[in-house]
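Please work through the following exercises with the sequence and the structure at hand. Attempt each task before reading its solution.

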Amino acid sequence: MKKILIRISVPCLVFLFLMYLCGINKTSPAASYIKWVDFSVTSAAMSDAMDYDIKTYKTEKHISWIDILAYLGTKYGGDFGRYSKADMEKFVQRAESGESIENMTRDMKNFSYFKEAYSAVLGNYIGEYAVKDEGGYRTKYGLKVFSPIAKGYGYAHYDDFGNSRSYGYKRKHLGHDLMGSVGTPVIAVEGGVVEALGWNQYGGWRIGIRSMDSKRYYYYAHLRKNHPYANGLSEGDIVNAGDVIGYLGMTGYSRNENVNNIDTPHLHAGIQLIFDESQKDGTNQIWIDLYELTIFLQKNRQSVHSVGEGEYVRDSVIVDPLLIYGE
């Protein structure tokens, strides 16, 4: 075969190298996307906003909980330590009286930021879904995501986001630890595609699931030795919210596979927000504090039953239209 030699000048090589560094084939360096989110919405605020959303659903004055929380986030400068239900009630009353969201937020220059940020975190958490029972499928509207720990299993947790870690190198803890018993069924918070499955020296046996809208990457780590995953789970699989995906353990902190080097059995749960695909494995990664969200998700815990040999499956079946039809 005849070889073809292509000569490229040094300036051209420099230009191509700079394009590679900037990721110009994926995203222009000048492109604007969110690079940081400090998610401090309290479980109380999420619960109150959810109640208004569900209460007004299919009415002429349906009020999205995202709009409610984005309004308050703008009002508080993102600090929900200032949350007052009275502030939420005033916003809801104005909306129910017919005032538009656009009019109420016209002078709030950061409203669009908070709406996009909170939509990235919570956008698929409330909506229509179908529940299967003896009579077939029934359509419902409400919270359609789950706690990562199965119903009936105890766990302890505290707000540990940002704490220091030293294994391998000094770094911050970018997740939320839920201490429990080895073998506790781990539940998919939201449906999506399994993007990562296998051993990681920091997380041990772990699972990475990407939401169907591609905005959230769920990371579940330190799963059980010898039997970390639900039977048959593979990369590329689509899982539903509420599915048993694995089992709590204490693996990790080792270059060797299947090693328990974690002192306390726990699930490390993390959510990464992705506004631009370059953020997924590159710079500007955004991981959020899950403490308040974990408390909120206790409202919906999936019950499970044993199918033998340490394996469990979910009791109820729900179908999320997003998994079928996409966005």
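The exercises below concern a predicted model.

**Exercise 1. The length of a helix**

Task: Determine how the expected span of helix 6 (residues 111–122) agrees with the distance between its end C-alpha atoms.

Solution:
- Step 1. Helix 6 has twelve residues, and the rise is 1.5 Å a residue.
- Step 2. The expected span is 1.5 Å times one less than the number of residues, which means that helix 6 should span 16 Å.
- Step 3. The end C-alpha atoms of helix 6 are 16 Å apart, in agreement with the expected span.
- Step 4. Within helix 6, the buried residues are Phe111, Phe114, Ala117, Tyr118, Ala120, Val121 and Leu122.

**Exercise 2. Classifying aromatic pairs**

Task: Classify the ring pair of phenylalanine 39 and tyrosine 118, and then that of tryptophan 205 and tyrosine 229, from the angles between their planes.

Solution:
- Step 1. The whole structure contains 14 aromatic pairs.
- Step 2. For phenylalanine 39 and tyrosine 118, the ring centres are 5.8 Å apart and the planes meet at 85 degrees. Planes over 60 degrees apart count as edge-to-face, so this pair is edge-to-face.
- Step 3. Phenylalanine 39 belongs to the loop between helix 1 (10–22) and helix 2 (43–56), whereas tyrosine 118 belongs to helix 6; the pair links distant parts of the chain, 79 residues apart.
- Step 4. Phenylalanine 39 is buried at a relative accessible area of 5%, and tyrosine 118 is buried at 1%.
- Step 5. The rings of tryptophan 205 and tyrosine 229 have centres 6.2 Å apart and planes at 75 degrees, so this pair is also edge-to-face.
- Step 6. Tryptophan 205 is in strand 8 (residues 204–211), and tyrosine 229 is in the loop between strand 9 (216–221) and strand 10 (238–239); the pair therefore ties together parts that are 24 residues apart in sequence. Both tryptophan 205 and tyrosine 229 are buried.
- Step 7. Ring pairs also join Phe39, Tyr76, Phe80, Tyr83, Tyr113, Phe114 and Tyr118 into a cluster.

**Exercise 3. The surroundings of a lysine**

Task: Decide whether lysine 280 is buried or exposed, and describe what its charged end sits over.

Solution:
- Step 1. Lysine 280 is located in the loop between strand 12 (266–273) and strand 13 (286–287).
- Step 2. The relative accessible area of lysine 280 is 10%. Buried means under 20%, so lysine 280 is buried.
- Step 3. The charged end of lysine 280 sits over the ring of tyrosine 217, at 3.8 Å from the ring centre.
- Step 4. A polar contact of 3.4 Å joins the side chains of lysine 280 and aspartate 281.
- Step 5. Beyond its neighbours within four places in sequence, lysine 280 is in contact with residues including Glu195, Arg210 and Gln285.

**Exercise 4. Positive phi in one loop**

Task: Compare histidine 222 and asparagine 226 by stating whether each is buried or exposed.

Solution:
- Step 1. The loop between strand 9 and strand 10 holds histidine 222 and asparagine 226.
- Step 2. Histidine 222 has a positive phi near 65 degrees, although it is a residue other than glycine. Asparagine 226, which is not a glycine, has a positive phi of about 75 degrees.
- Step 3. Histidine 222 has a relative accessible area of 6% and is therefore buried.
- Step 4. Asparagine 226 has a relative accessibility of 63% and therefore counts as exposed.

Conventions:
Residues are numbered from 1 along each chain as its sequence is written. This is a predicted model: local features need pLDDT of at least 70, side-chain atom pairs count only at pLDDT 80 or more; totals for chains, interfaces and linings use all residues. Side-chain values use heavy atoms; hydrogens and water are left out. Helices (H or I, at least four residues) and strands (E, at least two) are DSSP runs, numbered from the N terminus. Buried means under 20% relative accessible area, exposed over 50%, partly exposed in between (1.4 Å probe, protein chains only). A polar contact is a pair of N or O atoms within 3.5 Å; within protein, one must be able to donate a hydrogen and the other to accept it, and residues adjacent in sequence count only if both atoms are side-chain atoms. Contact means heavy atoms within 4.5 Å. Rings of Phe, Tyr and Trp (its six-membered ring) pair if their centres lie within 6.5 Å; planes under 30 degrees apart count as stacked, over 60 as edge-to-face and the rest as tilted. A charge sits over a ring if NZ of Lys or CZ of Arg is within 6 Å of the ring centre and within 35 degrees of the ring normal.
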